[in-house]
Amino acid sequence: MQRFSQYILLLLGLLSLSFSIAAFAEQTTTLTLRDAILLAVRSNPNVQASQLNLVLQKFNTHVQEWQFMPHYSFQASASTGKTWMPNQPTTSTYNYSVQPGVSITTPIGTVASLTAMNSNAGSHYNPGLSLQVSQPLMRGFGKAVVEAALQDARDSEVISHLTIEGTLRNTVSEVINAYLDVISAKERIKISEEAVKRAEESVQQTRLFIKAGRKAGNELVTVSANVASVKSTLANDKNNYVQARYNLLSAIGIDPNTAIELEALDLP
């Protein structure tokens with residue numbers, strides 16, 4: 001009996017939760033034009049792809065600029081050894097070497113490398129300094145040739161910035177047009193509904209005129225055909241509204257079945 005009561009309580013809890021979810025899902029959310037633009041910019045795949053491409057181009061530019069920055073190196077080594085012979089004292093040797101260095105490439109292709117050698121073999125300290133400078137005279141000579149990859153990377157970064165701006169402009173324009181299409185389709189529905197009311201009133205008036213003998217009976221066919229025509233226009237307007245609403249919600253990345261009411265625009 002106790003377990004049966006627990007099952008009943010669990011079932012009631014699930015039912016109340018489902019009703020709460022259904023009631024929350026039926027709530028209508030007002031969507032402004034600004035909200036639609038921000039949602040579209042956030043979730044638009046073209047915008048995301050252009051932003052990722054900009055990050056890649058910035059990294060490529062940094063890599064190319066790094067080629068002309070000073071590069072530092074440091075190498076160190078150490079070794080020890082022991083010599084043992086019969087009837088002779090054991091001798092130990094210690095050797096170490098430290099080699100710091102720096103190199104740089106200039107915009108005209110000159111490569112300079114400076115290396116310091118500090119080696120110590122036992123009691124002998126042998127310092128040294130090495131400087132190497134190379135300058136291509138034929139192939140790879142000149143600033144235009146050496147900095148070609150760097151300038152290409154900078155141009156690609158500028159193009160990426162312009163691509164993002166163009167993508168954002170296109171996205172915002174598409175959302176604004178889609179939003180206005182929905183508003184326009186909704187207003188056309190109101191106009192068609194008023195036209196249907198006027199056409200139905202015209203049918204009633206024509207029947208009264210015919211009954212009073214002031215109009216011929218065949219005029220009822222004309223006004224009835226007008227009612228059918230405006231009702232067909234109303235059905236098309238409703239279909240256009242559903243399609244425009246679907247296009248807008250798809251553009252901003254929202255489920256087309258979501259209950260959303262668009263905020264009216266005060267256009268001059």
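Student: Which residues make the nonpolar surface patch of about 420 Å²?

Tutor: This is a predicted model, in which local features need pLDDT of at least 70 and side-chain atom pairs count only at pLDDT 80 or more, while totals for chains, interfaces and linings use all residues. Residues are numbered from 1 along each chain as its sequence is written, and side-chain values use heavy atoms, with hydrogens and water left out. The patch joins nonpolar side chains within 5 Å, from residues with over 30% relative accessible area (Shrake-Rupley, 1.4 Å probe) and no salt bridge (Lys or Arg side-chain nitrogen within 4 Å of an Asp or Glu carboxyl oxygen). Its members are Leu114, Leu129, Leu131 and Val133.

Student: Which strand gives the largest share of the nonpolar patch?

Tutor: Leu114 is found in strand E4, residues 111–121 (strands are DSSP runs of E, at least two residues; helices are runs of H or I, at least four). The largest share, three residues, comes from residues 124–134, which form strand E5.

Student: Why does Leu114 count as partly exposed?

Tutor: Buried means under 20% relative accessible area and exposed means over 50%, with partly exposed in between. Leu114 counts as partly exposed because its relative accessibility is 35%.

Student: Is Thr171 buried or exposed?

Tutor: Thr171 lies in helix H5. Since its relative accessible area is 6%, Thr171 is buried.

Student: How far apart in space are Thr171 and Ala251, C-alpha to C-alpha?

Tutor: In sequence, Thr171 and Ala251 are separated by 80 residues. In space, from C-alpha to C-alpha, the distance between Thr171 and Ala251 is 8.7 Å.

Methods:
Patch = residues over 30% accessible without salt bridge, like charges linked within 9 Å, V, L, I, M, F, W, Y side chains within 5 Å. Buried < 20%, exposed > 50% of the residue type's maximum accessible area, 1.4 Å probe, protein only.
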